[in-house]
Amino acid sequence: MSRPTGRVLTLLELLQSGGTRTVAELADRLGVEGRTVRRYVDQLIDLDVPVESVRGRYGGYRLAPGYRLPPLMLGDDEALAVLLGLVAGRRAGLTTAELTASETAAAKIRRVLPRHVARRLDTLLEALAFTDRPGEFETPDAGILLTVADAVRHRRPVSIRYTDRDGRRSERTLHAYGIVAHAGRWYVTGRDASAGADRTFRLDRIADARTLPGSFEAPEGPAPAERLLSGFATAGYRHEVTLRIHGTAEQIRARLPAAVATLEEHEPAADRDPAAERWLRVELRAERLDWLPPVLAALDRPFVVERPDELRDLVAALADRLASYARRA
């Protein structure tokens with residue numbers, strides 16, 4: 001690559017970093033005179049890179065929002081960061097459209113990496129291990145995701161065609177509060193105008209989304225992520241469980257996160273240290289109870305089962321089994 005061509009690409013990289021760059025600043029960074037900077041800018045414009053001139057005391061050059069995206073230039077560390085982000089997102093299921101989109105994007109970046117950077121990446125990927133299984137979730141359509149995001153930002157109602165977990169299809173008008181990525185899935189929280197209540201919808205179950213005229217005011221209260229976790233913890237299931245556990249909220253949350261259970265003071269007291277151990281009431285809902293006794297055993301904190309009686313029997317049965325195992329020679 002000739003030196004002038006290299007400087008033109010360096011100029012593009014500087015402009016891609018954002019903001020307005022003065023001619024003096026660019027000349028200093030490139031090691032050339034101001035008139036040479038102007039010539040390099042003309043070369044970029046000839047290549048259809050949308051560079052615009054800003055007049056005034058703090059004027060200079062900047063990239064304008066154009067109809068064509070300028071070439072993307074990444075440093076070595078930036079390329080590694082993007083590729084690792086694609087790998088981690090694919091593993092976690094946090095991708096959009098088809099999984100092949102992230103794979104082809106990674107392949108394109110991988111092809112143009114310098115050899116020494118590619119070797120560093122291969123070394124890292126060979127050494128890297130994940131404790132979870134690769135995500136196997138349905139992914140939302142990118143167009144639907146962007147439409148809903150735009151409705152969230154501008155507080156516009158959005159019409160969606162939705163299929164629930166039982167396969168029932170419906171068309172709803174949603175006042176979307178926010179989009180949340182949780183446990184490998186994408187969700188949108190908001191007010192379902194038809195039901196007159198707050199709801200959470202999985203984005204991969206939305207078949208179509210159209211922005212509607214009008215606007216709405218987002219309510220005061222919990223953030224979208226808190227609404228999502230609270231909805232999971234209070235969703236209707238077969239069993240309603242109430243416990244009292246002695247410990248700190250942090251100790252309990254280590255085994256019973258906010259998406260699973262709600263916590264409240266059993267005996268509220270204004271002067272208590274929130275980090276101190278105390279009795280907390282824990283409420284949750286579950287389709288099955290067999291997973292709870294091992295969780296309570298792993299907590300290793302004093303607890304009382306208030307309901308249901310079936311859980312108390314399962315805990316006693318687990319205790320008997322553990323005691324019998326411990327007595328074996």
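Welcome to this predicted model. Start with a pair of helices: the crossing of α10 and α11 is right-handed. To bring the pair up, select residues 292–299 for α10 and residues 309–327 for α11. Their axes lie 9 Å apart, and the helices pack at an angle of about 65°.

Next, show the side chains where the two helices meet. From α10, pick L292, P293, P294, L296 and A297. From α11, add L311, L314, V315 and L318. What classes of residue make up this contact of α10 with α11? Colour by class and you will find 9 nonpolar residues, with no polar and no charged ones.

Keep both helices on screen and bring in the sheet. This is an open sheet of 4 strands, and reading across it gives the order β9-β10-β8-β11, with antiparallel pairing. Why is one side of β9 and of β11 left without a neighbour in the sheet? Select 261–265 for β9 and 303–307 for β11: these strands stand at the edges and each has a single partner strand, so one side of each has no neighbour there. Turn the view to follow the twist, which averages 25° from one strand to the next.

Now zoom in on β8, residues 239–247, alongside β11. The two pair in the antiparallel sense over 4 bridges. A handy landmark is T242, which stands opposite R307 in β11.

With those strands in view, look back at the helices. α10 packs on the sheet and touches β8, β10 (278–286) and β11. The direction of α10 makes about 10° with that of β8. α11 also packs on the sheet, touching β8 and β11, and its direction makes about 145° with that of β11.

For the next stop, move to another group of strands. Select residues 158–163 for β3 and residues 169–182 for β4. This pair is antiparallel and runs over 6 bridges. Find Y162 and you will see S170 of β4 opposite. Together β3 and β4 form a hairpin, with 5 residues between them. Which residue in the turn has a positive phi? Click on G167, where phi is about 85°.

Finally, stay on β3 and add β7, residues 206–211. Here too the pairing is antiparallel, over 5 bridges. To finish, select V158 and its bridge partner in β7, T211.

Note on methods: Residues numbered from 1 in each chain as written. Predicted model: local features only at pLDDT ≥ 70, side-chain atom pairs only at ≥ 80, totals over all residues. Heavy atoms only, no water. Axes fitted to C-alpha atoms, helices over the stretch in contact; angles between N-to-C directions. Left-handed = near helix turned anticlockwise from the far one by under 90°. Contact = heavy atoms within 4.5 Å. Nonpolar A, V, L, I, M, F, W, Y, C, P; charged D, E, K, R; others polar. Pairing = 2+ DSSP bridges.
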